[in-house]
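Visitor: Please take a close look at one part of this model. I would like the surroundings and the confidence as well.

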Amino acid sequence: MTPLQTFGVNPLGSLVLALVVPFVIVLFGTYLGVLGALQTFFGESSWQDVSTAEEE
């Protein structure tokens with residue numbers, strides 16, 4: 001059995017999969033969205049670059 005199938009057999013494991021996997025997907029999507037917004041609107045790749053450019 002693969003580790004993922006082992007989690008699915010256990011009721012607690014399936015609950016963890018049902019909560020953690022969507023959370024990680026949403027978190028990763030949010031990260032990509034913020035990174036895309038930084039590059040689109042500011043032309044920078046991090047918030048530090050944006051704040052440094054505004055101070056100058």
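Guide: What follows goes from the whole chain to one helix and its surface patch. This is a predicted model: local features need pLDDT of at least 70, side-chain atom pairs count only at pLDDT 80 or more, and totals for chains, interfaces and linings use all residues. Numbering runs from 1 along each chain as its sequence is written, and side-chain values use heavy atoms, without hydrogens and water.

The protein chain holds 3 helices and 0 strands, in the order α-α-α. Helices (H or I, at least four residues) and strands (E, at least two) are DSSP runs, numbered from the N terminus. Of its 56 residues, 5% are buried (under 20% relative accessible area; exposed is over 50%, partly exposed in between; 1.4 Å probe, protein chains only).

Now the helix. H2 spans residues 11-42. Its 32 residues reach 46 Å from first C-alpha to last, close to the 46 Å expected at 1.5 Å a residue. That expected span is 1.5 Å times one less than the number of residues. After H2 comes Gly 43, with a positive phi near 70 degrees.

Leu 19 sits in H2. It counts as exposed because its relative accessibility is 57%. Leu 19 belongs to a nonpolar surface patch of about 780 Å², together with Leu 12, Leu 15, Val 16, Val 20, Phe 23, Val 24 and Leu 27.

Confidence, finally. pLDDT is the predictor's confidence in each residue, from 0 to 100. The chain averages 76, and 66% of the residues score at least 70. H2 has the highest mean among the elements, 85, and H1 (residues 3-9) the lowest, 62. Where pLDDT is low, predicted coordinates should not be read in detail.

Terms used
Patches are made of residues with over 30% relative accessible area and no salt bridge: like charges are joined within 9 Å, nonpolar side chains (Val, Leu, Ile, Met, Phe, Trp, Tyr) within 5 Å. Accessible areas come from the Shrake-Rupley method with a 1.4 Å probe; for residues, only the protein chains shown count as cover. A salt bridge is a side-chain nitrogen of Lys or Arg within 4 Å of a carboxyl oxygen of Asp or Glu.
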